[in-house]
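Hello,

Here is the structure we talked about handing over. Please open it first, then read the notes below.

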Amino acid sequence: MNTAPYSLEELIEKNNEELYKYVSEKKKILLNTNAKGWSEETTDGCVIIGCSPTDHPQASFAHELLHAKLKIMGMKDPLILGGEGLKYPQQLERYLYNQLAHHKMHKEFISMGYMDVEFLHDDDTEENARQLERDIAELEKKYLAEKNMLQGGLQVGIPYLASTCPHDKSDKPIIMRLRDISESKILKEIDKLLEEWRESGEYSPCHTMKRFCEICGVYDIEFLPTK
Ligand SMILES: [Zn+2]
């Protein structure tokens with residue numbers, strides 16, 4: 001495994017140089033080499049990219065640059081209103097934002113010459129797989145107890161959203177396991193919503209987030225664009 005800290009020179013390569021040029025012409029790019037994991041923070045004037053040791057630093061760098069590009073194109077964290085019945089509405093908003101960003105940028109990541117398995121950095125891939133495994137095991141228990149196809153809700157929608165964005169080989173079984181125990185109608189509705197989101201020229205996630213919540217049976221929630 002490569003060891004951080006990386007320099008910008010090390011992180012830029014043929015596959016990501018055009019993207020780097022695009023972002024760096026609009027914002028100053030700074031590296032935070034003390035970060036835990038990879039991250040991106042875009043402010044008015046600069047993009048701060050946090051980096052940590054990984055097997056594929058240039059791909060991880062491209063991933064974070066794509067997050068920054070989406071923000072430059074207008075994808076901003078919305079304000080969440082309502083959702084009183086939810087335990088952690090703010091967490092839900094951040095989660096949905098991140099997953100929708102991944103769905104929007106995955107195609108470009110692959111077209112740059114990177115692979116699905118490089119989409120998330122190693123720690124994230126493991127953490128993601130652990131969370132999905134925990135969620136799916138719970139759902140399978142519920143399915144067995146109720147002896148009925150799961151009717152949806154965020155408990156099905158959230159792991160589905162994460163496992164449909166390809167980045168890891170182990171996701172395929174998770175998605176198949178989810179399909180085995182859930183009503184197909186809701187999953188098809190999410191598929192359709194995601195396809196519209198990926199293909200549209202829309203960068204505000206507000207409408208898609210609201211529709212996702214509605215498909216999952218949560219109606220008392222609004223997402224409002226911020227500046
Ligand atoms: Zn990401």
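**What was found**

K147 sits in the loop that joins helix 5 (122–146) to helix 6. This is a predicted model, so please read everything here in that light. The phi of K147 is positive, near 50°, and K147 is not a glycine. Is K147 buried or exposed? K147 has 6 other C-beta atoms within 10 Å, so K147 is exposed.

Helix 6 (residues 154–163) comes after that loop. Here 7 of the 10 residues are buried, so helix 6 is largely enclosed by the rest of the structure. The buried residues are V156, G157, P159, Y160, L161, A162 and S163.

S163 also gives a link to helix 7. P173 and S163 are 10 residues apart in sequence, and their C-alpha atoms are 9.3 Å apart in space. P173 belongs to helix 7 (residues 171–181). P173 counts as partly exposed, because it has 13 C-beta neighbours inside 10 Å.

**Helix 4**

Helix 4 covers residues 89–111, which is 23 residues. From first C-alpha to last, helix 4 reaches 34 Å. That is close to the 33 Å expected at 1.5 Å a residue. Where is the kink in helix 4 centred? The kink is centred on M105 and is about 40°. M105 is also one of the buried residues of helix 4. The others are L92, E93, L96, L100, A101, H102, K104 and F109. An α-helix has 3.6 residues a turn, so residues three or four places apart point the same way. Look at L92, L96 and L100 with that in mind; each is buried. The cover over the buried residues of helix 4 includes helix 3 (57–73), strand 4 (79–82), helix 8 (184–199) and helix 9 (206–215). After helix 4 comes G113, with a positive phi near 110°.

**Two domains**

The domain assignment splits the chain into domain 1 (8–73) and domain 2 (79–224). Their centres, taken over C-alpha atoms, are 24 Å apart. Domain 1 puts 16 residues into the contact, and domain 2 puts in 15 residues. On the side of domain 1 that touches domain 2, helix 3 gives the most, with 8 residues. That side of domain 1 divides into 7 nonpolar, 8 polar and 1 charged.

**The core**

How many residues does the largest nonpolar core have? It has 44. Those with the most contacts inside this core are A62, L65, L66, F109, I190, F212 and I215. Strand 3 (46–50), helix 3, helix 4, helix 6, helix 7, helix 8, helix 9 and strand 5 (221–224) each give two or more residues. Helix 3 has the largest share, 7 residues. Why does this core lie between the domains? Domain 1 and domain 2 both give residues to this core, so it lies between them.

I215 is a good residue to click on. Leaving out residues up to four places away in sequence, I215 touches G157, I186, E189, I190 and L193. Of these, G157 is a buried residue of helix 6.

**One more place to look**

E41 is in strand 2 (residues 39–42). E41 is partly exposed, with 16 other C-beta atoms within 10 Å. E41 and H67 are 26 residues apart in sequence, yet 8.8 Å apart in space, C-alpha to C-alpha.

Best wishes

Terms used: Residues are numbered from 1 along each chain as its sequence is written. This is a predicted model: local features need pLDDT of at least 70, side-chain atom pairs count only at pLDDT 80 or more; totals for chains, interfaces and linings use all residues. Helices (H or I, at least four residues) and strands (E, at least two) are DSSP runs, numbered from the N terminus. The expected span of a helix is 1.5 Å times one less than its number of residues. The bend at a residue is the angle between axes fitted to the seven residues ending there and the seven starting there. A residue is buried if 20 or more other C-beta atoms lie within 10 Å of its own, exposed if 12 or fewer, and partly exposed in between; C-beta atoms are placed from the backbone. Two residues are in contact if their C-beta atoms, placed from the backbone, lie within 7 Å. Domain bounds come from an automatic or database domain assignment. Ala, Val, Leu, Ile, Met, Phe, Trp, Tyr, Cys and Pro count as nonpolar, Asp, Glu, Lys and Arg as charged, and the others, Gly among them, as polar. A nonpolar core is a set of buried Ala, Val, Leu, Ile, Met, Phe, Trp, Tyr and Cys residues joined through C-beta atoms within 7 Å.
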